[in-house]
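Here is a walk through one protein chain, written for someone who would rather be at the bench. Have the structure open while you read.

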Amino acid sequence: MMARPQQGPRLLLAIMGALVALTYQTRRKTFISVHEVPVSDPVVVTTLDFATKDFNKKSKDTYNFQIGRVLKVLKRLTDHMEYRINLEMRRTTCLRMEVNNCSFQEGELYKKIDCFYSVFVIPWFEKYKVLAQNCTDG
């Protein structure tokens, strides 16, 4: 049985559509796992340190900020490792160049900022990259 002449282009179009759809599916990120991890996890500790330094580097404030509270840390594995962190940053008594023995500001200089960080991490190479950051005054 032979295909009629007008069915040839339709069949070719259907095959091309299926190939495009299949190619798109293989490029999509597939989650291997997504789960909450404790703040005490060594990779989380170094990632939080990176996020704090990144925040202070970008901040125009006179004082340094430190993490006041970590609300949640999710570890996502796809084709890479990503930590999604919700935290509170608080202004300290240390000026920008100081980092030791800093306590949190109270009174008029008190300031709390709620942040979400998404950080790409390759822990064995100590490589970190901010994928997304959103901070708002709390």
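What follows covers confidence, overall layout, the sheet and its helix, the disulfides, and a few individual residues.

**How far to trust it**

Keep in mind that this is a predicted model. The mean pLDDT of the chain is 84, and 77% of the residues score at least 70. Confidence isn't spread evenly: among the elements, helix α1 (residues 7–27) has the lowest mean pLDDT, at 56, while β4 has the highest, at 96. Residues 22–26 fall below a pLDDT of 50, and beyond near neighbours in sequence this stretch has zero contacts in the model.

**The overall layout**

You're looking at two helices and five strands. Reading from the N terminus, the elements go α-β-α-β-β-β-β. The chain has 138 residues, and 30% of them count as buried. Its accessible surface is about 9700 Å², with 58% of that belonging to carbon and sulfur atoms. As for contacts between residues at least 6 apart in sequence, 58% of them join residues at least 24 apart.

**The sheet and the helix across it**

In what order do the strands of the open sheet sit? The order is β1-β2-β3-β4-β5, with antiparallel pairing. At the edges you'll find β1 (33–36) and β5, each of which pairs on one side only. From one strand to the next, the twist averages 30°. In general, strands of a sheet are held to each other through backbone hydrogen bonds, in either a parallel or an antiparallel way.

Zoom in on the β1 end. Here β1 pairs with strand β2 (residues 63–77) in the antiparallel sense, over four bridges. To find your way around, look for Glu36, which stands opposite Leu74 in β2.

Now for the helix. α2 lies across β2, β3 (81–95), β4 and β5, and runs at about 60° to β5. Two of its residues are worth a click. Thr52 sits in helix α2, which spans residues 42–58. Leaving out residues up to four places away in sequence, Thr52 touches Phe65, Gln66, Ile67 and Met89. Its relative accessible area is 14%, so Thr52 counts as buried. Val45 is also placed in helix α2, but with a relative accessible area of 44% it is partly exposed. With the same neighbours in sequence left out, Val45 touches Val39 and Ser40.

**The disulfides**

How many disulfides does the chain have? The count comes to two. If you number the bonded cysteines in sequence order, the pairing is 1-2, 3-4. Here they are side by side:

| Disulfide | S–S distance | Angle about the S-S bond | Hand |
|---|---|---|---|
| Cys94 and Cys102 | 1.9 Å | -110° | left-handed |
| Cys115 and Cys135 | 2.1 Å | 115° | right-handed |

Take the Cys115 and Cys135 link, with its sulfur atoms 2.1 Å apart. Cys115 lies in strand β4 (residues 112–122) and Cys135 in strand β5 (residues 127–137), so this pair ties together parts that are 20 residues apart in sequence. Its two ends are not equally covered: Cys115 is buried at 5% relative accessibility, whereas Cys135 is partly exposed at 26%.

What about the Cys94 and Cys102 link, buried or exposed at its two ends? Cys94 has a relative accessible area of 5%, under the 20% cut-off, so Cys94 is buried. Cys102, at 16%, is under that cut-off too, so Cys102 is buried as well.

**Two residues with positive phi**

Most residues other than glycine have a negative phi. Against that background, which loops hold the two residues discussed here? Asn101 is found in the loop between β3 and β4, and Glu126 in the loop between β4 and β5.

Asn101 has a phi near 55°, a positive value in a residue other than glycine. At 79% relative accessibility, Asn101 counts as exposed. Glu126 has a positive phi of about 50°, and it isn't a glycine either. With 66% relative accessibility, which is over the 50% cut-off, Glu126 counts as exposed.

Key: Residues numbered from 1 in each chain as written. Predicted model: local features only at pLDDT ≥ 70, side-chain atom pairs only at ≥ 80, totals over all residues. Heavy atoms only, no water. Disulfide = S-S within 2.5 Å. Buried < 20%, exposed > 50% of the residue type's maximum accessible area, 1.4 Å probe, protein only. Contact = heavy atoms within 4.5 Å. Areas by Shrake-Rupley, 256 points an atom, 1.4 Å probe, with all protein chains shown as cover. pLDDT = per-residue confidence, 0-100. Pairing = 2+ DSSP bridges. Axes fitted to C-alpha atoms, helices over the stretch in contact; angles between N-to-C directions.
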